[in-house]
Amino acid sequence: MWRRTEWGSEIGRNAFLYLILFAWMYQLLAPLGQIGGIPDMTGFYLFVGALLLTDLLIPQIIWKSLLKWLAVFYMLHGYYYPHIPFWLEEWMWRGMVQLGDGAGQLLSGHFMEANEFTRTFLFLLFLWMAASVYRNAVGSRVWLFVLLFVGEIVLGVIDTFFPPNSSGYVVRYFLFGFLLMAFSQLPELERMSKIPE
């Protein structure tokens, strides 16, 4: 009698892959935050972690999307209106006015004149999109390799032309990328490998 080998339960495997995925994304986000002049990226790292955790634990797309939007607004509230309770709509109306003003500046071509609230909102949407792209790439060797290649180019440019020394991030991004590629292929190897009982 033959059985397949397995390297843990499905939730354990996914949690391990998402942990590596978060570490991989961290290697790219940290230098981007440095060259962008963001003094403290901790909140943004937690935001990306919350997005990945939501994808891991909640299968329904509607609930997943609602929680992610809630995380976006919670971040904006924490950065710009911490003195107003989250459940009051006063800060939301102020935020909507700022987003409207910022959108007007962006549409008129004055990108650098957009207010900080709008730029943070757009950065959070970028992080959401990046986390989704990286998460969806886990099932494909080709896309993982593309992200590995593009990320190495971005980090190489940052390391070469910008003040912070990013050489450690370049090496770790490479290592975490290959580690993720290796572990994401284990279920396929399990299907092919059978050992005697």
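These notebook entries record what I looked up in a predicted model of a protein chain.

**Entry 1. Overall composition**

I began with the secondary structure and found eight helices and two strands in the protein chain. I then read the elements in sequence order and noted the pattern β-α-α-α-α-α-α-α-α-β. The helices thus stand between one strand at the start of the pattern and another at its end.

I looked up burial next: the chain has 197 residues, and 36% of them count as buried. For the surface, I noted an accessible area of about 12000 Å², with 70% of that area belonging to carbon and sulfur atoms. I also checked how far apart in sequence the contacting residues lie. Among contacts in the chain with a separation of 6 or more, 65% join residues 24 or more positions apart.

**Entry 2. Helices α2 and α3**

I turned to helix packing, where two packed helices are described by the angle between their axes and the distance between the axes. Helix α2 covers residues 42-57 and helix α3 covers residues 61-80. I recorded an angle of about 165 degrees for this pair, with the axes 10 Å apart. Because angles over 145 degrees count as roughly antiparallel, α2 is roughly antiparallel to α3. The crossing of α2 past α3 is right-handed.

I listed the residues that meet: G43, F44, F47, L51, T54 and D55 on the α2 side, and K64, L67, K68, A71, V72, M75 and Y79 on the α3 side. By class, I noted eight nonpolar, two polar and three charged residues in this contact.

**Entry 3. Residue T54**

I selected T54, which is found in helix α2, for a closer look. Is T54 buried or exposed? Its relative accessible area is 13%, and since buried means under 20%, T54 is buried. I then asked which residues T54 is in contact with, leaving aside its neighbours within four places in sequence. They are K64, L67 and K68, and these three also appear on the α3 side of the contact between α2 and α3.

**Entry 4. Helices α5 and α6**

I next examined helix α5 (residues 116-137) and helix α6 (residues 141-161). Their axes are 8 Å apart, at an angle of about 135 degrees. That angle makes α5 oblique to α6. I found V133, Y134 and A137 of α5 in contact with α6, through W143, L144 and L147. The contact has six nonpolar residues, no polar residues and no charged residues.

**Entry 5. Helices α6 and α7**

I followed α6 to its packing with helix α7, which covers residues 167-184. The angle is about 175 degrees and the axes are 9 Å apart, and α6 and α7 are therefore roughly antiparallel to each other.

On α6, I listed R141, L144, F145, L147, L148, G151, E152, L155, G156 and D159. On α7, I listed S167, Y169, V170, Y173, F174, G177, F178, L180, M181 and S184. These residues divide into twelve nonpolar, five polar and three charged. L144 and L147 are listed in the contact of α5 with α6 and again in that of α6 with α7.

**Entry 6. Residue L175**

I closed with L175, which lies in helix α7. Its relative accessibility is 53%, and because exposed means over 50%, L175 counts as exposed. I also looked up its separation from L148: 27 residues in sequence, and 9.7 Å in space from C-alpha to C-alpha.

How values were computed. Residues numbered from 1 in each chain as written. Predicted model: local features only at pLDDT ≥ 70, side-chain atom pairs only at ≥ 80, totals over all residues. Heavy atoms only, no water. Helix = DSSP H or I, 4+ residues; strand = E, 2+ residues; numbered from the N terminus. Buried < 20%, exposed > 50% of the residue type's maximum accessible area, 1.4 Å probe, protein only. Contact = heavy atoms within 4.5 Å. Areas by Shrake-Rupley, 256 points an atom, 1.4 Å probe, with all protein chains shown as cover. Axes fitted to C-alpha atoms, helices over the stretch in contact; angles between N-to-C directions. Parallel < 35°, antiparallel > 145°, perpendicular 65-115°, else oblique. Left-handed = near helix turned anticlockwise from the far one by under 90°. Nonpolar A, V, L, I, M, F, W, Y, C, P; charged D, E, K, R; others polar.
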